[in-house]
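Hello,

Here is the structure I promised to pass on to you. My notes on what turned up in it follow straight after.

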Amino acid sequence: MPTRLAGSPRLLVALVGLALTLGSGIIAQTAQNKAVLSSGQSQSQGNDDDFARQVHQWTTRPDFISPLVDHLPKVAGVPSPKDVLGHHIGEPNKLTYYADILTYYRALAAKSPRVKVETIGKSNEGRDLVVVFVGSDESIRNLEQYRGYLAQLADPRGLSEEQAKAIVAKAKPLYHLSGGLHSGEVGPSEMLMELAYRLATEDSPIVDGIRDNVIVSITPVADPDGRDRNVDWYYKYGIHETEGHPTGAGVPYWGKYVFHDDNRDINYSQVEMRALLDWYLQWHPPIMHDLHQAQTLLYTFSGQAPQNPNLDPILFGELPMMANFEMAEMAKYGMPGVWTHGYVDMWSPGYLAFMSSNHNGMIRMYEIQGTSGANTTKLHLGNPNAPAGRDGRGGAPAPDAAAVTAGRSNQAQREWFRPWPATGDFDWSLRDNTNYGETGVLIALQYTSRFSNVILDNFYVKSRNSVETGRKETVAGYVIPAGQRDMTRVERVVNLLRMQGIEVGRATAELKLKEGDFPAGSFVIKRDQPYSRLAKILLEKQVYPDPTLRTYDDASWTMGLMSHVEVKEIDDKSVLDAAVTPLKEKAITIAGTMTGAGPIVAVAHYGSNNMIALRYRLKDLKVQAAEKDFKQGNVTFPAGSFLVSGGTAKVKSAVEALGLTAVAMSALPSVPMHDLDLPRVAVYSTWGSTQDVGWVRYAFDQFEVPYDLIYKDRVRQGDLKSAYDVIVIPNQAGTAKRLVFDIESRGTPIAYKKSDQFKNLGMYGESDDITGGMGIEGVHEFDKFVRAGGVLVTLGTASYFPSEFGLAPKVDAARTSAQFYSPGAIIDAEILHPENPIFYGYDQKTIAVRYGSGPLLTVQTDSDPFAGAGAPPPTPPGVLMRYPGGDDHVLSGLMRGANEIRNKAAIVDEPNGKGQVILFAGNPCYRWQNFGEFNMLFNTVLNYNDIKIEAPKPAAPTSVPQ
Ligand SMILES: [Zn+2]
């Protein structure tokens, strides 16, 4: 137990505070809060009367508050949120901008020895990313020492059992809380300020216990850019909404690139998420608790099925213990509507706070009932006797017709995991949201303070088990062989593993294992390491545990398959003893090579995504693509390889920096080739569905592809062909109709524009009215663009558009049946025209692709009168790639009904006038994940005016009927 001596300065502060407030009605307040006092609040501490009165007013029902949060200490010299912000937390119609949130925490830290603010990075738009620590004076003074203890427990190799127990006895759990990951879920970021103040100042048995035994760390707003845009939007539109008259449109952007997907960013592409991961690996909080705002009235996650069986069973015991404690305590406080178990599952490792359970800690999550911004809104909770129906996402049997129809579960229904649902109609305020969230978190912290040794011991044992399990289990490690054709994708996979703290070594000599021989320099991931479970989760093929259950997000993510990198699973235990040089650096760079001499440089196209970056870095040089393979010295250059004329020194430095393989030579080889003209590229975005567009923007930005982001206004302006050669319509909107008509117009224009008052709006695009969509007028302009020679590229669900609106009249786009279920399986796709430039760099006819919910594409063929009866219809020449379909071609994850996609087109090239439409049924640029597919999109852009379709083959004479 930590010493309590550190409490004496605090007592002094409290006494001073009491003395200062005695004259202002504290006695009356104390009497009024008699029940509160019995539940824990100190009698010796002065309270803020104004707070109690206002919070009482803002709380819409007496049972929507607990004695933990109905009062707030007043401590002289330590600023409460109101002292800095001018209002108490939870005031109706008040939301706080991020800069003010930071100002508050920094003011608090300046005046309290129990609070410390650490800056951990910058957001995409340049805002400071911070972590706020709150604990006893002693904890904050000795933070570094406590960090050291947790680091030892996180990697207990070399510790004896006794040494580990000794560390457990003197360590303190770090409990990390995070708000504002989803910018529209505004409440928790307000609440956390009050929580920090309360934890720093309140004298009560519960808070004293927390302060002494737990160190709390806080991410005030996980996506601060999105926060400010949402607050702007709220003050511009949301605040004027009344019941039955919503604006009808949300703010078009949260973060720079993505909305909710910042919680699906499995490879930590976004700087905000990466900064938190880097911080995590320094501090090792055993618990990360992510605060969201969606369910009624408070949902506390307990890790339900489908569960990833690689995770330690201890975790699946800890999670419901804490959730049930919260549910029971809140019921004791008389607060209805708290439930657990029935929402989200424990399958995908890609959620942000999973960084904790992925690293032997514990992910926790709340969904707290939200409001519309900070407005008090009327909730109409369904009839408790209505059919139950689960949410249908996460653990629910699938397909669940009731849930699909209802769109969500009936949360007014009593269930074994929801013993006291909230029912009926009532008002719900921002303060109600604060009361629920803060009460829940205080209970969770109370539990942590009471069982701090258990939590720390579990953290230690889970870490130790992870090392030992790796030694005992069948899978002893993974090898990523050196000498793969494209080492840039190998480099990426290795770096993504390193980013997550996974140990990777390079074999110092050739490895001879049961699974084969691997050259020296191969990358070895041994499973006797603290993050061996995570390595397995990321690298193995996902075997979905129960095909009758739905999952909340993706069913598969296998890194090797997603990246088209060879990763060998190793059972041979001798891999654990393989001699390796551990990678010390966080990221490796595999340099490219250029040999030979001469004015022409051939750069091999081995499928690297860096090829497009190279083309743009050499934009002033003449670059051609070889249409057939050729040899130069001992290097075979496959079709698609670049031939660069002149600028050899510049080419060399770019090739080396980008990890590519090149040979300089005296003259061009004698192979057919075409110029790689640089296209003028636009990316089209609706206003109502910008997220998947954001992922394509992110990939284009990373690989240095310049483009214009265009919206309906530009399309309607017309004459697209004079400005662009290629227009990409990323996956978005779900249906063609939505893509065309987008956000419904309700008569009043809704502007997304920057102004002096709203500086965060109008970013990434602006419009006087984001409603109405491009309309038929826009369809006509796209049609004119294609007919005039433009190349229109549609990805995923956007591929319904050219089919259903006549831009690709011979292509049909159907939908899978209601029984079909495939949350992001990885499956086979068969390349039918390997010579087509879209497939430059691929050396296999069958490749792994992610299957989303894109259309089932077929191309109508003119019936062949000479074909014999029963002869299979010829595959139309425009079908460039197709799905073989069937269970045998599911490589990882879950696809129920895999026969439905049998022989459906995966990529179609459909000529129209002088131009063409290239439809991808899948999404070759899915999040920051399927790197093996990105290259098909990049090839399409680079070779846009050289993608030709073979003429249909004449019917064979033998088929002439007699
Ligand atoms: Zn959320």
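Strands β20 and β23 pair in the antiparallel sense over 4 bridges, where pairing requires that DSSP finds at least two bridges between two strands. Strands here are DSSP runs of E with at least two residues, helices are runs of H or I with at least four residues, and both are numbered from the N terminus. Within this pair, Gln624 has Leu643 of β23 as its bridge partner.

Before going further, please note that this is a predicted model: local features need pLDDT of at least 70, side-chain atom pairs count only at pLDDT 80 or more, and totals for chains, interfaces and linings use all residues. Residues are numbered from 1 along each chain as its sequence is written, and side-chain values use heavy atoms, with hydrogens and water left out.

Back to the sheet. On β23 (residues 642-645), there is also an antiparallel pairing with β19 (residues 600-603), again over 4 bridges; here Ile600 is bridged to Ser645. Strand β20 (residues 622-626) is joined to β25 by 3 bridges, and these two run antiparallel, with Ala626 facing Met673 as its bridge partner. The whole is an open sheet of 6 strands in the order β18-β24-β19-β23-β20-β25, with mixed pairing. β18 (593-596) and β25 (673-675) stand at the edges with a single partner strand each, so one side of each has no neighbour in the sheet.

You may also like helix α17. It covers residues 430-450, 21 residues in total, and reaches 30 Å from its first C-alpha to its last, close to the 30 Å expected (the expected span is 1.5 Å times one less than the number of residues). Of its 21 residues, 20 are buried (under 20% relative accessible area with a 1.4 Å probe, protein chains only), so α17 is largely enclosed by the rest of the structure.

Finally, the empty space. There are 9 cavities of 30 Å³ or more; a cavity is a set of points, on a 1 Å grid over the protein atoms alone, where a 1.4 Å probe fits but cannot get out, and lining residues have an atom within 4 Å of a point. The largest cavity holds about 90 Å³, a volume being the space filled by probe spheres set on the points. Among the residues that line the largest cavity are Tyr98, Ile120, Thr219, Glu272 and Leu352. Helix α13 gives the most to this lining, with 4 residues.

Enjoy looking through it!

Terms used: 1 Å grid on protein atoms, 1.4 Å probe; cavity = no way out; pocket = protein on both sides within 12 Å on 5 of 7 lines; lining within 4 Å. Buried < 20%, exposed > 50% of the residue type's maximum accessible area, 1.4 Å probe, protein only.
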